[in-house]
Amino acid sequence: MKKKMKKSLKRENRNEIDYMHQIEGRNPVREALKSGRPIEKIFISKGELSGSIGEIIKLAKKEKLVVQYMDRSKLDEMSISHSHQGVIAIASAHEYVEVEDILNLARQKGEDPFVILLDEITDPHNLGSILRTADASGAHGVIIPKRRSVGLTPIVAKSSAGAIEYVPVAKVTNMVQTIEYLKEEGLWIAAAEMEGEEYYYQKNLKGPIGIVIGSEGKGIGRLVKQKSDFLLKIPMLGKVSSLNAAIAGAILMYEVRRQRNLMG
C-alpha cells in the first residue's frame, strides 16, 4: 500500500511539472509575490524558515496563500530548474477578475446576471468541468473562495478544455459577504442541497440568479446555506446519496438555461 501511495505522489508531482507554471528559487518567488502575480500554492522545504524564506512565508500569509511544507527530496522531484533553493511556487493559469466584472459582463450583453458560486470545491477536475459547463450554458462567471478551494491551476485549465479562457472567475475572501453583495445587486441565490425544500425544476430560476454548488463531501457550508434564498434538491432514485459536484452543477445550470428559453 505504501509503495502505491508513493507512486501516486510521484505521478501527482509529475503532473505539476508537466502542466503547472512553476516559479523556483527564493528571489523569483519573492518578486512574484511582491508584484501581485496570482499564485495558487507555495511549496517550502521543511526546516527552511529563516532569511528570505521567512519573508516569503510572511508575504504568503498576508495574501492568505496556501503554504505546504515538504521534504527537500520531494521538492527535488518537482523541480524543473534543479535549483529551487527550498521553495517552489505554483502560478495561476489565468488571471482572476472582480465580482463586479462578472456583473458588468452581463449588463454589457443586456442579460440578467447568471453566476455560479462554488463553496469549497477542491478537486481540479471538478472545477475544470464546471467551467466547461458554465461556458456551454451561458453563465457569465464563476466565483470561488480564496481558502479551502482549488484555484485556476493548469490542471483545471486542461480539464476545462479551453473554457478557462472564456469564463471569468473571481476569487473572494468571504463567500457569505459576496452572496450578500449579489443579493443587494438584485440576484436571487439558489443552492443545491440534498435536503432542499423543492426540486430544482419546480422553482422559477428566471431573472438574475446565482447558483451555489458545494463540495461533494461536505456540501454547502452552514452560513452559505442560511444566506441562500432557496435550497434546491435533485431527485435521487439509486443507492448513492449524492452526485458529483460537476454533475449537480451541470443539471442546475442547464435548468436555468432551459427556463431562459435560449436552448439551441
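Which side-chain oxygen reaches the backbone nitrogen of A246 at the start of α10? I traced this contact to N244, whose side-chain oxygen comes to within 2.7 Å of that nitrogen. I record at the outset that the model is predicted.

**Entry 1. The chain as a whole**

I counted 10 helices and 11 strands in the secondary structure of the chain. Of its 264 residues, 47% count as buried. I then looked at contacts with a separation of 6 or more, and found that residues 24 or more positions apart account for 80% of them. The accessible surface comes to about 14000 Å², and carbon and sulfur atoms hold 49% of that area.

**Entry 2. The sheet of 7 strands**

I followed an open sheet of 7 strands in the order β7-β6-β5-β10-β8-β11-β9, with parallel pairing. Its edge strands are β7 (169-172) and β9 (198-199), each of which pairs on one side only. I examined one pair in detail: β5 (residues 114-119) and β6 (residues 141-145) run in the parallel sense over 3 bridges. Within this pair, L117 stands opposite I143 of β6.

I next checked which helices lie on this sheet. Helix α10 (residues 245-259) packs on it and touches β5, β8, β10 (209-214) and β11 (230-233). The direction of α10 makes about 165 degrees with that of β10. Helix α8 (residues 175-184) lies across β5, β6, β7 and β8 (188-192), and I noted an angle of about 145 degrees between α8 and β6.

**Entry 3. Helix α10**

I compared the length of α10 with expectation. At 1.5 Å a residue, its 15 residues should span 21 Å, and the end C-alpha atoms are 21 Å apart, so the two agree. I listed the buried residues of α10 as A245, A246, A248, G249, L252, M253, E255, V256, R257 and Q259. Charged side chains are represented here by E255 and R257, both of them buried. The buried residues pack against β5, α6 (124-137), β8, β10 and β11. After the helix comes N261, where I read a positive phi, near 55 degrees.

**Entry 4. The sheet of 4 strands**

I found an open sheet of 4 strands in the order β1-β4-β2-β3, with mixed pairing. Its edge strands, β1 (21-24) and β3, each pair on one side only. The twist averages 25 degrees from one strand to the next. I looked up the pairing of β2 with β4 and found it antiparallel over 5 bridges. The bridge partner of K41 in β4 is I90.

Two helices were inspected against this sheet. Helix α3 packs on it, touching β2, β3 and β4, and the direction of α3 makes about 150 degrees with that of β2. Helix α2 lies across β1, β2 and β4, at about 115 degrees to β1.

**Entry 5. Helix α3**

I repeated the length check on α3 (residues 51-62). At 1.5 Å a residue, its 12 residues should span 16 Å; the end C-alpha atoms are 17 Å apart, which agrees. The buried residues of α3 are S52, I53, G54, I56, I57 and A60. What covers these residues includes α2 (26-35), β2 (39-45), β3 (66-70) and β4 (87-91). I closed with K64, which follows α3 and has a positive phi, near 55 degrees.

Terms used: Residues numbered from 1 in each chain as written. Predicted model: local features only at pLDDT ≥ 70, side-chain atom pairs only at ≥ 80, totals over all residues. Heavy atoms only, no water. Pairing = 2+ DSSP bridges. Contact = heavy atoms within 4.5 Å. Axes fitted to C-alpha atoms, helices over the stretch in contact; angles between N-to-C directions. Expected span 1.5 Å × (residues − 1). Buried < 20%, exposed > 50% of the residue type's maximum accessible area, 1.4 Å probe, protein only. Polar contact = N/O pair within 3.5 Å; in protein donor to acceptor, adjacent residues only side chain to side chain. Areas by Shrake-Rupley, 256 points an atom, 1.4 Å probe, with all protein chains shown as cover.
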